[in-house]
Amino acid sequence: MSENLKATLNIDGSIVELPVVVGSENEKGIDISTLRSKTGYVTVDPSFMNTAACYSKITFIDGEKGILRYRGIPIEDLVKLESFTQVAFLLLHGNLPTPQQRVQFSRLLNLNSMLHEDMRHFFDHLPRGAHPMHILSTMINAPAIFYPNVDLLSINEDIDLSSARLISTIRTMAAFAYKKNIGEPVVYPRHDLPYCANFLNMMFDSPVAPYEIKPEIVRILNILFILHADHEQNCSTTTVRTIGSAQVNLYATISAGISALSGPLHGGANQAVVEMLKQILADGGNVKKYVELAKDKNNPFRLMGFGHRVYKTYDPRAKIIREECHKLLAHMDIHDPLLDVARELEEYALTDPYFKERNLYPNVDFYTGIVYRALGIPENMFTVMFALARLPGWIAHWKEMIGGTTKIVRPRQIYIGQTPADRA
Ligand code: CMC
């Protein structure tokens, strides 16, 4: 991990040596953990623009080259796998499951797919029309009430069981939240269906019209979930690690992650993109006007689905989704005018000097919503879909953090408020 390299800091006339750490992909960092005790200084880095908050073995991103790998496997290979649950297992355990492990994991997912029946009644008392993302972040806390020993369990029990319980029940909750939102009776999970097919069935089956599960829809949903399954230290994962570091139970920790994800600068962007594309279309489809608006520093409007803190080139996930989106719409014989607007907007923005100079490219959220629309998933469920997919990543990071030597997360600050002298 580390080499014999040292960084030298000249501060107040004293020379301080700080160790240099090197990751397995040759990423280099300066370990400043002893800086304050040696010098009295702290480092300042608002929004963690330049801070590695942990060591991790889960996901690697090269934002300059557009590389994304989970546990050393390129995302382009992972999307060829049959099921999202294989990737969930990979994130949690470090290796893809053997056939036997796959069967065991599926069995655990099935065994834990039902909600406590009393918990189901909660859904009946939530306001009609509540946003499913709000319902999800609220309801994910409920197992801690129904299973009082969950605090202990989530830290000590077999991680496979707690992960399976969460991964499986969150899918049931998400589908229940949707059914509640549209005023239809809930559909229970089925043991004979794999993860994504089961979710689609819970979303779209109804007492009056049985849902036909189509393999191409299941396939694309698996791809989308695999692409979203982890993304190292993003805002919601950092939230999970931060909250989890106080040894909060896993359900409350995940609930905090879901809330962080809901913001439009993070997972909420997939819904915001479709709203923006609709607005452009309704406004005559003038993409140039909206690119100019996004460049105007006096206007808060931004091109949603564009830009990324880490990627300074095309997001590899967006590349895959764009291709799959075209294939799916052609296969389903759908002509979505929003796809035309998205294509034009992308083309125009990518040639604009403002976007070029700042390396602003489409991110994972740019084409996702158009795919979800084709699957019949409503806009207010888009970010919920992201949450279901990101859950294995959150749990993997929580597990890594709990199993490591992490202390409670507690940054410092530079106080710039009043002093007693100002008050005198
Ligand atoms: N439209 C117009 N200008 C932009 C955009 C955009 N979408 N994104 C960044 N910029 C400009 C920004 O104004 C700034 O310009 P200047 O240097 O003149 O001040 C420069 O590019 C750097 O942007 P930043 O806001 O400092 O970059 P950041 O790393 O803090 O923010 C971001 C990253 C993703 C929050 C931002 O690009 C953004 O708001 N994008 C739109 C929302 C979005 O699509 N979010 C989804 C992100 S990917 C999935 C996920 O994380 O969940």
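**Exercise 1. The hairpin of strand 2 and strand 3**

How many residues lie between strand 2 and strand 3 in their hairpin, and which residue in the turn has a positive phi? Work this out on the predicted model shown above.

*Solution.*
- Step 1: Start with the pairing. Strand 2 covers residues 14-22 and strand 3 covers residues 28-30; the two run antiparallel and are joined by 3 bridges.
- Step 2: Pick a pair to fix the register. Val-20 lies opposite Ile-30 of strand 3.
- Step 3: Now look at the connection. There are 5 residues between the two strands of this hairpin, and Asn-26 in the turn has a positive phi of about 70°.

**Exercise 2. A sheet built from hairpins**

Find the order of the strands in the open sheet that contains strand 5, then trace how its neighbours pair.

*Solution.*
- Step 1: Lay out the sheet. It is open, has 3 strands in the order 4-5-6, and its pairing is antiparallel.
- Step 2: Identify the edges. Strand 4 (59-62) and strand 6 (73-74) are the edge strands, each of them pairing on one side only.
- Step 3: Take strand 4 with strand 5. Strand 5 spans residues 67-70 and is joined to strand 4 by 4 bridges. Thr-59 sits opposite Tyr-70 of strand 5, and Ile-61 has Leu-68 as its bridge partner.
- Step 4: Inspect the turn of that hairpin. It leaves 4 residues between strand 4 and strand 5, and Gly-66 in the turn shows a positive phi of about 75°.
- Step 5: Move on to strand 5 with strand 6. These pair in the antiparallel sense over 2 bridges, with Arg-69 opposite Pro-74 of strand 6. Their hairpin has 2 residues between the strands, and Arg-71 takes a positive phi near 50°.

**Exercise 3. Two helix pairs, two geometries**

Decide how helix 3 is oriented relative to helix 4, and do the same for helix 11 and helix 16.

*Solution.*
- Step 1: For helix 3 (residues 84-93) and helix 4 (residues 99-111), the axes come within 11 Å and cross at roughly 100°.
- Step 2: Angles of 65 to 115 degrees count as roughly perpendicular, so helix 3 and helix 4 are roughly perpendicular to each other.
- Step 3: Name the residues in contact. Helix 3 contributes Thr-85, Gln-86, Ala-88, Phe-89 and Leu-92, while helix 4 contributes Gln-101, Arg-102, Phe-105 and Leu-109. By class, this contact has 5 nonpolar, 3 polar and 1 charged residues.
- Step 4: Turn to helix 11 and helix 16, whose axes are 11 Å apart and which pack at an angle of about 170°.
- Step 5: Angles over 145 degrees count as roughly antiparallel, and helix 11 and helix 16 are therefore roughly antiparallel to each other.
- Step 6: List some of the contact residues. On helix 11 they include Arg-219, Ile-220, Ile-223 and Leu-227, and on helix 16 they include Arg-317, Ile-320, Glu-324 and Leu-328. The contact residues divide into 7 nonpolar, 2 polar and 5 charged.

**Exercise 4. The second largest pocket**

Which helix gives the most residues to the lining of the second largest pocket?

*Solution.*
- Step 1: Get the volume, which is about 300 Å³ for the second largest pocket.
- Step 2: Look around the centre. The pocket is lined by 18 residues, and those closest to its centre are Val-79, Leu-81, Glu-82, Arg-219 and Ile-223.
- Step 3: Sort the lining by helix. Helix 10 (195-204), helix 11 (215-228) and helix 16 (316-331) each supply at least two residues. Helix 11 gives the most, with 5 residues.
- Step 4: Sort the lining by class: 10 nonpolar, 2 polar and 6 charged.
- Step 5: Connect this with Exercise 3. Arg-219 and Ile-223 belong to the contact of helix 11 with helix 16, and both are among the residues closest to the pocket centre.

**Exercise 5. Placing a glycine**

Where is Gly-285 found, and which residues does Gly-285 touch?

*Solution.*
- Step 1: Gly-285 lies in the loop between helix 14 (269-282) and helix 15 (287-295).
- Step 2: Leaving out residues up to four places away in sequence, Gly-285 touches Ile-280 and Glu-344.
- Step 3: For a distance check, Gly-285 and Lys-179 are 106 residues apart in sequence, and their C-alpha atoms are 33 Å apart in space.

Notes: Residues numbered from 1 in each chain as written. Predicted model: local features only at pLDDT ≥ 70, side-chain atom pairs only at ≥ 80, totals over all residues. Heavy atoms only, no water. Axes fitted to C-alpha atoms, helices over the stretch in contact; angles between N-to-C directions. Parallel < 35°, antiparallel > 145°, perpendicular 65-115°, else oblique. Contact = heavy atoms within 4.5 Å. Nonpolar A, V, L, I, M, F, W, Y, C, P; charged D, E, K, R; others polar. Pairing = 2+ DSSP bridges. 1 Å grid on protein atoms, 1.4 Å probe; cavity = no way out; pocket = protein on both sides within 12 Å on 5 of 7 lines; lining within 4 Å. Points joined across faces, edges and corners; volume = space filled by probe spheres on them.
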